[in-house]
Amino acid sequence: MVLLPPALNVTGLSKAFGAVQAVRGVSLEVAAGETLALIGPSGCGKSTVLRLVAGLERPDSGRVEVAGRDVTARPPEARQVGLVFQDYALFPHLSVLGNVAYGPRMRGVRRPDAEARAREVLALVELQELATRRPHQLSGGQQQRVALARALATGSGLLLLDEPLSNLDEQLRSELRADLRALFGRVGAGVLLVTHDQREALSLAGRVAVMRAGEVVQQGAAADVFARPGSAWVAAFLGWANILPAGPGRARLVPEDALLLGEGEPWAVTARQGTEAGETVQVAHPWGSLTVNLSAREVALIRDDTLSLNVDPGRVREVTDDRE
Ligand SMILES: Nc1ncnc2c1ncn2[C@@H]1O[C@H](COP(=O)(O)OP(=O)(O)OP(=O)(O)O)[C@@H](O)[C@H]1O
């Protein structure tokens with residue numbers, strides 16, 4: 001078996017802008033054919049990591065390897081990475097084909113070969129029919145796919161995507177999410193993706209890395225990180241509703257499936273709010289105030305402003321409470 005080097009290997013990457021330590025000691029690996037999503041709150045350093053990998057910023061320390069080659073000191077054009085940023089930046093005066101063939105042309109590929117390559121990747125994103133159009137004659141989603149095709153045409157084994165779906169409306173986003181996942185599978189490149197949208201991370205990426213204030217605080221298989229946050233801060237960032245105090249510096253993470261409704265002691269319901277599916281209620285449990293999402297049918301379990309429930313201790317995890 002031939003072992004391919006990882007599409008990307010980043011070690012100990014740090015970058016400050018004046019007094020702001022934007023990235024500190026970040027290490028990441030993206031295997032060929034794998035998608036890693038960088039997630040974290042606004043300003044935590046996600047885009048800076050991407051820009052450092054692309055060569056658009058110089059790190060203060062650390063190392064960037066693309067396909068096993070140390071490119072830390074190389075300019076962007078010598079790194080063999082395909083970039084897709086938020087604002088696609090298509091050339092308005094070039095056709096779709098011209099936009100996609102541009103990269104190979106700039107690297108000295110002859111026009112007929114560059115255009116043949118462009119047609120190939122346009123087929124991959126299912127835009128071959130629109131090859132002669134100009135960017136302003138395309139929908140947002142189509143422009144987005146042209147930007148992707150342009151990155152793919154570089155033939156690089158690593159794609160960097162910064163909020164690739166951010167300019168699109170919700171329906172288009174969910175359509176394109178499915179398209180993109182299939183596309184990533186077909187091209188076999190490593191993908192490093194920055195997003196603030198957790199659903200996007202979960203649906204597009206096999207692995208996620210969570211950043212906080214310039215550092216990666218947790219990384220692993222996407223489903224694992226969402227199901228088992230390593231700390232109270234990560235759980236809160238991922239939208240966990242029930243993070244209860246468990247003594248100084250500790251917190252209990254109570255997942256929804258640990259709440260066994262309609263059994264055990266009745267606890268006071270202190271607040272109720274209607275939702276599309278039923279109600280969200282607050283229950284005064286000895287551990288703290290529990291947020292419980294009830295379906296319309298489960299709402300009937302509330303009697304005299306109380307709700308009986310047991311918490312399955314086997315599904316509850318205790319973690320460090322590192323929230324501010
Ligand atoms: N060129 C720059 N000059 C000065 N400060 C910068 C520069 N680029 C980024 N920063 C700062 O570095 C920090 C990290 O920014 P970065 O854009 O990487 O965060 P982000 O996680 O991508 O945020 P968002 O989700 O809002 O895009 C922020 O405090 C930002 O203000």
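**The two domains**

Begin by colouring residues 8-232 and residues 244-320 separately: the domain assignment of the chain names these domain 1 and domain 2. The model on display is a predicted one. The centres of the two domains, taken over C-alpha atoms, lie 40 Å apart. Five residues from domain 1 and five residues from domain 2 make up the contact. On the side of domain 1 that touches domain 2, two residues are nonpolar, two are polar and one is charged.

With the whole chain in view, the C-alpha trace spans about 80 × 45 × 45 Å along its principal axes. A cartoon representation will show eight helices and 17 strands. Of the 324 residues in the chain, 39% are buried. Among contacts with a separation of 6 or more, 63% are between residues 24 or more positions apart.

**The shell around the ligand**

Next, select the ligand together with the residues that surround it: Phe-17, Val-20, Ala-22, Gly-40, Ser-42, Gly-43, Cys-44, Gly-45, Lys-46, Ser-47, Thr-48 and His-196. Coloured by class, this shell shows four nonpolar, seven polar and one charged residues. Which elements each supply at least two residues of the shell? They are strand 2, residues 20-30, and helix 1, residues 46-54. Helix 1 provides the largest share, with three residues.

**Helix 1**

Keep helix 1 selected and display its surroundings. Eight of its nine residues are buried, so the helix is largely enclosed by the rest of the structure. The buried residues are Lys-46, Thr-48, Val-49, Leu-50, Arg-51, Leu-52, Val-53 and Ala-54. Two of these, Lys-46 and Thr-48, also belong to the shell around the ligand. Proceed to Gly-55, just after the helix, where phi is positive at about 90°.

**The six-stranded sheet**

Now select strands 6, 7, 8, 3, 9 and 10. In the order 6-7-8-3-9-10 they form an open sheet with mixed pairing. Strand 6 (82-84) and strand 10 (215-221) are the edges; each has a single partner strand, so one side of each is left without a neighbour in the sheet. On average, and with direction ignored, neighbouring strands here are turned by 15° against each other.

Within this sheet, zoom in on strand 7 (residues 158-162) and strand 8 (residues 190-194). The two run parallel and are joined by five bridges. One position to label is Leu-158, whose bridge partner in strand 8 is Gly-190.

**Helix 4 and Arg-150**

From the sheet, move to helix 4, residues 140-153. This helix lies across strand 6 and strand 7, and runs at about 165° to strand 6. Within helix 4, select Arg-150. Is Arg-150 buried or exposed? Arg-150 counts as buried because 27 C-beta neighbours lie inside 10 Å, where 20 or more are required. Leaving aside neighbours within four places in sequence, Arg-150 contacts Asn-99, Val-100 and Gly-103. A distance drawn from Arg-150 to Gly-82 joins C-alpha atoms 7.9 Å apart, although 68 residues separate the two along the chain.

**Strand 9 and Arg-207**

Return to the sheet and select Arg-207, found in strand 9 (residues 207-212). Arg-207 has 20 other C-beta atoms within 10 Å and is therefore buried. Not counting residues up to four places away in sequence, Arg-207 touches Glu-34, Leu-36, Gln-219, Gly-220, Ala-221 and Ala-222. A distance drawn from Arg-207 to Arg-250 spans 27 Å between C-alpha atoms, with the two positions 43 residues apart along the chain as the separation.

**The four-stranded sheet**

For the last stop, select strands 15, 14, 13 and 16. These four form an open sheet in the order 15-14-13-16, with antiparallel pairing. Its edge strands are strand 15 (288-295) and strand 16 (306-311), each of which pairs on one side only. The average turn between neighbouring strands in this sheet is 50°, direction ignored.

Finish on strand 13 (residues 259-274) and strand 14 (residues 278-285), which run antiparallel and are joined by five bridges. Label Arg-272 and Val-281 to see one bridge: Val-281, in strand 14, is the partner of Arg-272.

Key: Residues numbered from 1 in each chain as written. Predicted model: local features only at pLDDT ≥ 70, side-chain atom pairs only at ≥ 80, totals over all residues. Domains from an automatic or database assignment. Contact = placed C-beta atoms within 7 Å. Nonpolar A, V, L, I, M, F, W, Y, C, P; charged D, E, K, R; others polar. Near = placed C-beta within 6 Å. Buried ≥ 20, exposed ≤ 12 C-beta atoms within 10 Å, placed from the backbone. Pairing = 2+ DSSP bridges. Axes fitted to C-alpha atoms, helices over the stretch in contact; angles between N-to-C directions.
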